[in-house]
Each structure stands twice: as C-alpha cells, then as structure tokens.
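Dear colleague,

Please find below the structure that I am handing over to you, followed by an account of what was found in it.

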Amino acid sequence: MNLHGDIERVLFTEAEIQRAIDRVAAEVTSAYDGNDFTVVSVLKGSCIFASDLIRRIPIPLELAFLAASSYGSGTVSRGLRMNFLPSDNEIEGRSLLLVDDILDTGKTLHFIQAELDRRGARGVRTCVFLDKPSRRVVPIEPDFRCFEVEDTFVVGYGLDLAGRYRNLPYVGALREEVLSRHSRPDSTTG
Ligand code: XMP
C-alpha cells in the first residue's frame, strides 16, 4: 500500500515548505537574538516541523516537548488535559516558543499557553506550521506561522489521520473515499 495514492491534491510541496520554514526561522532568530529561549514542540504533530525549524535557527536555544489530549466524547462536553509536560525548571522563568502543527479552533494552543503561564513561564509565544483562521473558536493568533490553510482536513509533514500520513514530505488533502472511512478525527490529539 502506498500512501501517496490516498492524496487527492498537494497543498504545499516539499520545496514550498522548506522556503516557508527558512522565512519563519529568520523571523524567530531576529525575535530571540540575544535572549535565551526554549522551543516547546507539541507532540506528536509538530515534531517534524520543529526539527526542521530549529536547524535553521543559528542562536542558542533549548528544546522541550509536551503532549495534550482531549477527553469526553459524543454529547459530553470536551476538555483538554496535559499528558506530558517539561519539568518545572524547564518552564519557570523561561521564554518559551510553543511550536504546533496546526492552529485550528485554537483551543489546544490556548489551553497549553495558559498552563505554561500558570507554571511560571516568563513569556510564551506561538509558532505554527499551518493556520486555519476560518475555524477559530478561541481568539488567538500565532506569533509566527508558515502557511494559512483553507478549511480542509490536511495530512502530511507531521499531520495525521488516525495516526497515518505523518511521514509524507508534503501537505495534502485526502481523497473523499479515504476521509469517509473515518469520521472527522478529534482535533486535539496532536
Ligand atoms: P485546535 O482545534 O485545538 O486543534 O486548534 C489543534 C489540533 O487539531 C488537529 N488538527 C488537524 N490535524 N489535519 C490534521 O491532521 C487537520 O486538518 C487538522 N486540523 C486540526 C491537530 O492535531 C492540531 O494540533
């Protein structure tokens, strides 16, 4: 089975992705030049973006990871919980750059940002690979972003459907028959 066959169209090619990351890496570099900071990658979706991004940032930084997921189902109201957090000394008093794969409703990044603030971060800025502003529920704008994307479910370059497609090197939309085999996935499992 070849994953490429499930893709209806490519939204961002490998070359476009690399150019966008060059641009965002330069923006991050000038924003943090002279200041110690930690890149906090939200698992699992942002691991590919974060690893490409940090290799283009030629100033000192530290790297940490966290994971959040949603709970509740069906008509039960959903909430978020942290599954995994950096240790307190990686958060307290540190400038953090929270890196995620996609900013959709905004609930996930808003929740994580509030949790890091509560734990004493000096400041938390956000950097997302994709931004889907048409789906926003929580008023949050990323400080840095590679691309704005239409309201289509996308996979590849870290983004998944039911755990698959993260390893595609581009971002694509899935064919309708592939999507219809799955209900729209919960948007908060990273
Ligand atoms: P919220 O809605 O909290 O969601 O901003 C952020 C998380 O939702 C997932 N997500 C997607 N995953 N393709 C994906 O593979 C998409 O089009 C998509 N939209 C949202 C993702 O896990 C993200 O971290």
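Of the contacts in the protein between residues with a separation of 6 or more, 68% are accounted for by residues 24 or more positions apart. Please note that the model is a predicted one.

As to overall dimensions, a compact globule of 190 residues would have a radius of gyration near 16 Å, and the value for the protein, 16 Å, agrees with this. The C-alpha trace spans about 50 × 40 × 30 Å along its principal axes. Buried residues account for 51% of the 190 residues. The accessible surface comes to about 9400 Å², and carbon and sulfur atoms contribute 48% of that surface. With regard to charge, the protein has 23 positive and 28 negative charges, whose mean positions lie 4 Å apart.

The secondary structure consists of five helices and nine strands. Read from the N terminus, the order of these elements is β-α-β-α-β-β-α-β-α-β-β-β-β-α.

One sheet may be described in detail. It is an open sheet of three strands in the order β1-β9-β8, with antiparallel pairing. Its edge strands are β1 (7–12) and β8 (154–155), each of which pairs on one side only. Strand β8 is joined by two bridges to β9, residues 171–174, and these two strands run antiparallel. Within this pairing, Val154 has Ala173 in β9 as its bridge partner.

A single residue, Asp100, also deserves a description. Asp100 is located in strand β5, which covers residues 95–103. Is Asp100 buried or exposed? Its relative accessible area is 5%, and residues under 20% count as buried, so Asp100 is buried.

Which residues does Asp100 touch, apart from those up to four places away in sequence? They are Val42, Ser46, Phe49, Thr108, Leu109, Cys127, Val128 and Phe129. For one of these contacts, that with Val42, a backbone distance is also available: the C-alpha atoms of Asp100 and Val42 are separated by 5.3 Å, although the two residues are 58 residues apart along the chain.

To restate the points on burial, 51% of the residues in the protein are buried, and Asp100, with a relative accessible area of 5%, is a buried residue as well.

With kind regards

Key
Residues numbered from 1 in each chain as written. Predicted model: local features only at pLDDT ≥ 70, side-chain atom pairs only at ≥ 80, totals over all residues. Heavy atoms only, no water. Helix = DSSP H or I, 4+ residues; strand = E, 2+ residues; numbered from the N terminus. Rg over C-alpha atoms; globule rule 2.2 N^0.38 Å. Buried < 20%, exposed > 50% of the residue type's maximum accessible area, 1.4 Å probe, protein only. Contact = heavy atoms within 4.5 Å. Areas by Shrake-Rupley, 256 points an atom, 1.4 Å probe, with all protein chains shown as cover. Lys, Arg positive; Asp, Glu negative; His and termini not counted. Charge placed at Lys NZ, Arg CZ, Asp CG, Glu CD. Pairing = 2+ DSSP bridges.
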